[in-house]
Amino acid sequence: MPLSAAATAESTRLRGKGRPRTSETAAPSLVEILNLIRSERATTRQALERESELGRAVVADRLQLLSELGLVDESELGLATGGRAPRLVRFSARRGLVLVSTLDQTAIGVGVSDLSGNLLTEHHEAADLTAPASHLAGRLSALFAWCLERHATPTTPWGISLSVPGTVPAGRDGFFMTATPPVLPVWEDFPLVETLTRQFGVPVWIRSSVETMTMGELHAGAGQGLRSMLFVKVGRRIGAGIVCDGQLYRGAQGAAGLIGALPVVSDGVTGTLDMMAGSDMIQREGRAAAEDGRSPVLADLLRRGSEITPIEVSQAAQIGDAAAASILSRSGHLIGQVVATLANALNPEMIVLSGTLVQTNDNILAGIREAVYGASHPLVTRDLRIIRSQMGSSAGLVGASRVASEALFAPAFLKDWILQGKPTLHPDFVDFRAHAEKAGGPSSAIAPPSGQERSAP
Amino acid sequence: MTIAGLGPHGERAAPPERVNLLPEDIAAAKSATLRVAIVLHTLNSDWTRLQISGMLGTFGDCGVVATEVVDCGFSADRQVAELDRLITAAPDAIVALPVANEQVVAAFRRVSAAGIRLVLLENVPTGLLPGSHYTSLVSSDNFGLGMMAAAGLAPHLAQDAVVGVLGFAADFFATNEREIAFTNWMQANRRDVRTHVKRFGAMDEAADLALRMVADHPDIAGFFVVWDTPAIAVASRLQSAGHASLMATVDLGEDVAIALSAGRPFVSVAAQQPFQQGVAAARTTILTLLGRTVPAWVAMPGVSVTRNNVADSFQTIWRKPAPREALRLLGLAP
């Protein structure tokens with residue numbers, strides 16, 4: 001039991017009159033040690049002593065407490081380097097679960113992950129985000145409950161993280177969200193955050209899809225270990241995620257990276273980047289090329305009765321169709337011009353391109369590379385890598401999970417719950433949950449699954 | 001054709017017509033001397049036999065040789081061993097149905113890394129991505145099948161009825177989708193109906209689980225079981241125990257066809273089209289080996305079967321006459 005573990009650890013120490021309580025003095029070092037272990041910067045006791053600059057006795061004491069709290073595991077042996085094999089110190093990523101969801105205009109994806117952002121299961125289904133918010137909340141709750149049943153273990157959720165198709169204003173919340181941001185018109189006046197908090201008894205975080213995908217790429221994809229990265233998502237809309245000093249940069253209002261709104265010029269026509277280079281343009285131009293016969297591959301698909309979507313244009317270009325390749329190259333060049341400006345401003349180590357089109361097609365990638373290399377200072381491009389994401393659609397779910405785990409283990413938040421053993425006992429969250437339950441009437445919290453049976457909502 | 005579900009990574013479905021072969025495709029395949037291997041969960045089911053029939057026929061028409069058809073006996077360990085063996089045999093492509101999730105994912109990555117084209121059936125282990133690790137998933141619209149079964153059962157349920165749902169404990173894309181879709185349909189269209197969900201790990205557990213569910217909830221009026229073989233076992237045990245629950249399931253096996261013809265307890269079956277699915281899988285494999293573009297997810301729509309259309313649906317799905325007993329029960333044969 002976490003609380004008793006903390007109490008036991010405290011009671012074993014002699015405390016002089018007037019000396020601070022162990023819980024007050026231990027928290028900063030516990031936070032530091034746990035985050036060293038969680039980030040795998042230290043995986044043995046010796047490494048922990050070296051990295052934290054804490055003494056052997058202090059490290060041993062804190063590890064014992066973290067172990068009693070179920071947050072670390074020392075059962076595995078490492079490789080011997082001469083003497084006895086060292087005992088590895090691992091973060092217990094299955095101590096809690098994170099419920100994650102990606103919402104876009106036509107689909108909803110849900111999943112459950114461990115505390116290190118590893119997806120354990122995922123499911124996607126069609127949804128209409130313009131439907132009343134209460135419908136969405138009901139469906140989300142039912143799917144989250146299903147995810148928890150699927151992993152019918154004593155492990156309980158520690159947080160919910162949502163990825164949404166719009167900018168999420170920054171700076172209004174503290175450690176977790178306490179109000180529902182007006183991302184979509186139908187969310188006006190609907191307390192989604194409060195509802196989910198009440199039903200699952202955990203804190204909620206919401207970020208834009210570009211932000212969650214950037215987080216996914218940074219922590220589980222090509223961006224692992226990088227300090228600076230630019231993530232560009234190409235779809236109907238084009239947006240950028242910016243990583244500075246190893247952290248996602250959100251801007252003053254959470255609106256950093258809205259590059260799709262920038263004006264660009266193509267063939268003498270001026271329009272926004274979204275309009276001139278996004279997937280709507282690719283579909284429109286692809287259909288025209290199929291109908292007037294400029295693209296033999298697309299014309300052939302049309303003859304077979306296929307619909308011409310941006311995917312078909314991309315696939316046609318990939319097998320050498322000149323007209324389709326030209327459409328995508330134009331899109332790539334326009335995106336590349338804007339990305340080059342950002343690259344010159346930020347000097348990233350890597351630019352990761354994402355979105356179904358970029359991931360299945362080389363022409364857009366080539367167009368972007370050409371424009372960025374041609375329009376950037378030589379120092380900016382000297383070691384710059386421009387690659388496409390390998391994570392596919394899972395990046396949003398993985399990233400949403402990372403948003404939650406970063407917030408859960410942020411030192412300022414962690415220090416006030418670590419001795420309680422779980423974040424739902426953080427004083428601020430206890431207060432907010434009480435407020436949410438009071439506002440929503442009698443508690444309707446969904447209990448952690450004790451078996452596989454449930455009544456469907 | 002309407003596909004209700006989304007793919008394992010949220011992909012939109014492509015219809016089977018999207019992988020139709022043109023005469024030039026067939027000619028190119030015939031001149032290419034292609035070899036494929038088929039790796040399935042079992043060879044002992046009507047569904048598998050028809051899938052294989054659809055695949056082998058199509059491969060044969062196109063001059064593609066199926067070097068072997070492997071039976072994994074529902075065992076993840078055996079599937080891993082067979083895949084590792086096939087990497088050495090190096091066929092041009094493998095068409096496989098992953099029998100598990102975490103236990104087999106690494107073996108499938110090895111197949112892909114060895115340069116063997118991979119076309120998956122019904123299930124994608126979490127972490128494998130289309131385009132990177134496999135070419136395409138070919139499956140039924142399992143979400144649509146779950147909705148179809150619910151819509152077929154609903155008219156037989158009284159107001160405020162209670163329904164038992166028997167899902168599959170293994171984390172398997174197809175059965176997950178059916179279970180979610182069934183409860184979702186009830187929630188959206190019959191809010192008065194309450195559902196209780198349990199999941200069986202092995203097929204012979206399903207009947208015991210159902211008996212325990214009716215002991216805990218004697219008011220259960222109907223069951224949805226995520227495929228037909230355990231559904232038949234559940235119906236039989238419940239009847240022996242004197243419990244008259246209505247049944248809905250997925251797949252029109254011979255036993256279910258006979259039971260459906262009798263009227264009760266089976267009232268709704270959402271049937272897959274395994275032969276057509278086998279054809280689509282073979283066509284997808286051939287196109288990918290020819291360097292043509294293929295969609296990440298090809299989905300086959302289901303067929304809603306009740307007593308009224310069981311005889312003709314059986315013919316459509318299985319390419320043979322309905323069982324004699326079914327025809328007799330329907331009054332269509334002496």
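In the predicted model, Val232(A) has as its bridge partner Ala240(A), a residue of strand 9 of chain A. This pair belongs to the region in which strand 8, spanning residues 229–234 of chain A, runs antiparallel to strand 9 of chain A, the two being joined by six bridges. The connection between strand 8 and strand 9 of chain A is a hairpin, with three residues leading from one strand to the other.

Strand 9 of chain A, which covers residues 238–244, is mostly covered, in that six of its seven residues are buried. Besides its pairing with strand 8 of chain A, strand 9 of chain A also pairs in the antiparallel sense with strand 10 of chain A, residues 247–249, in this case over three bridges. Within that second pairing, Ile242(A) stands opposite Tyr249(A) of strand 10 of chain A. Strands 9 and 10 of chain A likewise form a hairpin, here with two residues between the strands, and Asp245(A) in this hairpin takes a positive phi near 50°. As a general point on such elements, the side chains of a regular strand alternate between the two faces of the sheet.

These strands are part of a chain for which 18 helices and 14 strands are assigned in total, as counted for chain A. Chain A comprises 457 residues, of which 47% count as buried. When the contacts of chain A with a separation of 6 or more are considered, 68% of them are accounted for by residues that lie 24 or more positions apart.

For chain B, the domain assignment gives two domains, each made of two segments: domain 1 consists of 16–140 together with 273–300, and domain 2 consists of 142–271 together with 304–329. The centres of domain 1 and domain 2 of chain B, taken over C-alpha atoms, are separated by 29 Å. Contact between these domains involves 12 residues of domain 1 of chain B and 13 residues of domain 2 of chain B. On the side of domain 1 of chain B that touches domain 2 of chain B, at least two residues each are supplied by helix 2 (46–61) and by strand 5 (136–140) of chain B. Helix 2 of chain B provides the largest share of this side, namely three residues. Divided by class, the side of domain 1 of chain B that touches domain 2 of chain B has five nonpolar and five polar residues, together with two charged residues.

Technical notes:
Residues numbered from 1 in each chain as written. Chains lettered and ligands numbered in written order. Predicted model: local features only at pLDDT ≥ 70, side-chain atom pairs only at ≥ 80, totals over all residues. Buried ≥ 20, exposed ≤ 12 C-beta atoms within 10 Å, placed from the backbone. Helix = DSSP H or I, 4+ residues; strand = E, 2+ residues; numbered from the N terminus. Pairing = 2+ DSSP bridges. Domains from an automatic or database assignment. Contact = placed C-beta atoms within 7 Å. Nonpolar A, V, L, I, M, F, W, Y, C, P; charged D, E, K, R; others polar.
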